[in-house]
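Dear colleague,

Please find below the structure that I am handing over to you. My findings follow directly after it.

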Amino acid sequence: GEWDVINWERRDGLLAFHESPKDQGTAPPAQPRTEFSTPPQTFNVLEMATEIDLRGVNASDRPVMFFWSRWAVGSGDSIRVEISHRDPSRIGSHACRGYASNNQCYEKLYGWSEWSIIDTATNLWQVNGTNQTYTWQRQQIPLDQYAQSPGADGRIIRIRFVFDALNTNTKLDGWYIDGISIRYEQPRVFPKIGRASCRERV
């Protein structure tokens with residue numbers, strides 16, 4: 001893929017990610033310009049470097065991933081957020097050998113599930129072309145289905161952002177991402193220490 005860090009278009013801080021920044025120094029105006037466009041016949045992947053361990057997180061804490069995003073997606077293209085989780089059944093088993101055909105690759109790794117679009121319970125996080133936003137928008141994706149709950153263990157997960165342009169249709173500017181974070185929607189509340197408790201601790 002062509003993902004890279006840019007400093008000429010961002011929502012927060014100094015830098016953001018863009019999947020087609022070659023020869024570009026500014027974000028296009030409201031009308032898309034094809035000279036700043038996603039290369040055709042490309043599959044552009046941006047994966048978070050850190051695996052996220054939700055085995056000790058309760059689903060009731062409502063872990064959520066937030067990020068800022070803007071895009072101009074061409075005809076036939078798709079942008080989506082995908083997830084893979086650690087899967088012990090993919091290690092040293094017949095299912096694993098059939099899954100990866102005895103050959104590992106980025107899309108099929110021993111010990112990990114296949115990549116799938118994150119299901120937010122209301123819809124899959126996916127945008128299909130032709131589609132465009134005119135400003136930065138805040139996105140949020142619940143991750144509670146991968147946390148521990150009664151009768152289900154939490155999972156270790158990997159998250160990636162995919163711009164699928166595997167066609168030769170008209171291309172537009174592409175996808176910008178900034179400010180990725182994961183935190184609880186249900187904050188933990190700690191008991192307040194009263195004066196008596198303070199005196200007792202002195």
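The secondary structure of the protein comprises two helices and twelve strands, taken as DSSP runs (H or I of at least four residues for helices, E of at least two for strands) and numbered from the N terminus. Starting at that end, the elements follow the order β-β-β-β-β-β-α-β-β-β-β-β-β-α.

This is a predicted model, in which local features need pLDDT of at least 70, side-chain atom pairs count only at pLDDT 80 or more, and totals for chains, interfaces and linings use all residues. Residues are numbered from 1 along each chain as its sequence is written, and side-chain values use heavy atoms, with hydrogens and water left out.

The average pLDDT (the predictor's confidence in each residue, from 0 to 100) is 81, and 77% of the residues score at least 70. Confidence is highest in strand β4 (residues 52-53), with a mean of 96, and lowest in helix α2 (residues 195-201), with a mean of 44. Where pLDDT is low, the predicted coordinates should not be read in detail.

The largest nonpolar core (buried Ala, Val, Leu, Ile, Met, Phe, Trp, Tyr and Cys residues joined through side-chain atoms within 4.5 Å; buried means under 20% relative accessible area with a 1.4 Å probe, protein chains only) has 27 residues, of which Phe 67, Val 81, Trp 125 and Trp 175 touch the most other members. Strands β5, β6, β11 and β12 each supply at least two residues of this core, and β11 gives the most, with five. Apart from it lies another core of six residues, including Trp 136 and Tyr 176.

With kind regards

Definitions and conventions:
Buried means under 20% relative accessible area, exposed over 50%, partly exposed in between (1.4 Å probe, protein chains only).
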